[in-house]
Amino acid sequence: MIQELEDSQLVKYYMNGNERAIEVLINRHNARLTGFIYSKVGDRELTEDIFQDTFMKVIRTLKRGAYNEEGKFLPWVMRIAHNLIIDHFRKSNRMPMCDGTDSFSIFSLMGDEKLNAEKQLIKEQIDTDLARMIKELPEDQQEVLEMRLYKDMSFKEISENTGVSINTALGRMRYALINLRKLVEANSIVLTN
């Protein structure tokens with residue numbers, strides 16, 4: 001019976017023209033995927049829309065023969081849903097906005113307060129974008145920034161570890177933040193305090 005087949009077998013059946021196979025896959029993962037989407041967006045109607053968009057994308061990918069996630073159907077579908085949720089928040093301008101002050105405290109996003117699902121999703125995306133942009137900084141600025149922010153080192157400790165004066169370490173940090181701000185603006189990423 002088709003309902004008893006593994007996900008990977010159902011995917012192959014569907015790619016070979018068996019329309020019933022996709023129906024079984026949708027029904028099998030409906031509750032899990034709906035619960036996942038709802039936990040992020042908190043709105044039933046929006047959950048339905050994103051669920052439908054997710055499976056439209058799944059169907060298009062399968063029809064193109066571009067699916068290659070052997071044996072990992074559900075994680076792949078969840079990833080598509082996750083990306084669509086992020087796209088929704090970006091498009092609806094519900095991304096946090098930068099307050100434009102000179103303090104530029106983007107790292108305050110990393111506080112311990114309990115974030116709701118939407119903010120957590122946005123935070124994860126910002127953290128990923130930020131880590132990528134830090135890697136684009138000159139090595140000396142990158143080093144100071146990582147020591148200060150991720151290793152919580154004082155400027156005295158940074159000075160001792162890098163063999164430069166405290167003033168040089170402070171200067172590198174200042175330039176790192178200036179350059180990071182330019183990268184953030186160039187990449188159209190919006191941040192909040």
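Which residues does threonine 162 touch, not counting residues up to four places away in sequence? Threonine 162 touches Glu143 and Met147. This contact and others are shown in the close-up views below, which are taken from a predicted model.

**Figure 1. Overview of the predicted model, an all-helical chain with the pattern α-α-α-α-α-α-α-α.** The secondary structure comes to eight helices and zero strands. The protein has 193 residues, and 38% of them count as buried. Of the contacts between residues at least 6 apart in sequence, 59% join residues at least 24 apart.

**Figure 2. The buried residues of helix 1 and what covers them.** Helix 1 spans residues 7–15, and its buried residues are Asp7, Leu10, Val11 and Tyr14. Viewed down the helix axis, these buried residues fall within an arc of 105°, so they line one face of helix 1. The cover over them includes helix 2 (19–41), helix 3 (44–64) and helix 4 (73–91). After helix 1 comes glycine 17, which has a positive phi, near 105°.

**Figure 3. Packing of helix 1 against helix 2.** Two packed helices are described by the angle between their axes and by the distance between the axes. For helix 1 and helix 2 the angle is about 145°, and the axes are 7 Å apart. Their crossing is left-handed. On the helix 1 side, the contact is made by Asp7, Leu10, Val11, Tyr13 and Tyr14. On the helix 2 side, the residues are Glu19, Ala21, Ile22, Val24, Leu25, Arg28 and His29. Among the helix 1 residues in this contact, Asp7, Leu10, Val11 and Tyr14 are also the buried residues of the helix.

**Figure 4. Surroundings of threonine 34 in helix 2.** Threonine 34 has a relative accessibility of 18% and therefore counts as buried, the cut-off being under 20%. A polar atom of its side chain lies 2.7 Å from the backbone oxygen of asparagine 30. Apart from neighbours within four places in sequence, threonine 34 is in contact with Thr47 and Phe51. Alanine 81 is 47 residues from threonine 34 along the chain, and the C-alpha atoms of the two are separated by 9.6 Å.

**Figure 5. The span of residues 129–168, annotated in UniProt.** An unreviewed UniProt entry places the feature "domain: RNA polymerase sigma factor 70 region 4 type" at these residues. In the model, the span is 70% helix and 0% strand. The C-alpha atoms at its two ends lie 27 Å apart. The residues named in the titles of the next four views have numbers that fall in this span.

**Figure 6. Glutamine 142 in helix 6.** Helix 6 covers residues 139–149. Glutamine 142 counts as buried because its relative accessibility is 13%. Not counting residues up to four places away in sequence, glutamine 142 touches Ile134, Lys135, Glu136 and Leu137.

**Figure 7. Methionine 147, also in helix 6.** Methionine 147 has a relative accessible area of 9% and is therefore buried. Leaving aside neighbours within four places in sequence, methionine 147 is in contact with Asp152, Met153, Ile158, Asn161 and Thr162. One of these residues, Asn161, is 14 residues from methionine 147 along the chain, with 9.4 Å between the C-alpha atoms.

**Figure 8. Threonine 162 in helix 7.** Helix 7 runs over residues 155–162. The side chain of threonine 162 reaches the backbone oxygen of isoleucine 158 at 2.7 Å. Threonine 162 also touches Glu143 and Met147. Isoleucine 158 and threonine 162 both appear among the contacts of methionine 147.

**Figure 9. Serine 165 in the loop between helix 7 and helix 8.** Helix 8 spans residues 166–186. Is serine 165 buried or partly exposed? With a relative accessible area of 40%, serine 165 is partly exposed. Its side chain makes a polar contact with the side chain of threonine 168, at 2.9 Å. Phenylalanine 155 is ten residues from serine 165 in sequence, and the C-alpha atoms of the two are 9.1 Å apart.

Notes: Residues are numbered from 1 along each chain as its sequence is written. This is a predicted model: local features need pLDDT of at least 70, side-chain atom pairs count only at pLDDT 80 or more; totals for chains, interfaces and linings use all residues. Side-chain values use heavy atoms; hydrogens and water are left out. Buried means under 20% relative accessible area, exposed over 50%, partly exposed in between (1.4 Å probe, protein chains only). Helices (H or I, at least four residues) and strands (E, at least two) are DSSP runs, numbered from the N terminus. The arc is that of the directions from the helix axis to the C-beta atoms. Contact means heavy atoms within 4.5 Å. A polar contact is a pair of N or O atoms within 3.5 Å; within protein, one must be able to donate a hydrogen and the other to accept it, and residues adjacent in sequence count only if both atoms are side-chain atoms. UniProt positions are given in the numbering used here, feature names are shortened, and annotations may be inferred rather than shown by experiment. Axes are lines fitted to C-alpha atoms, for helices over the stretch in contact, and angles run from 0 to 180 degrees between N-to-C directions. A crossing is left-handed if the near helix is turned anticlockwise from the far one by less than a right angle, and right-handed if clockwise.
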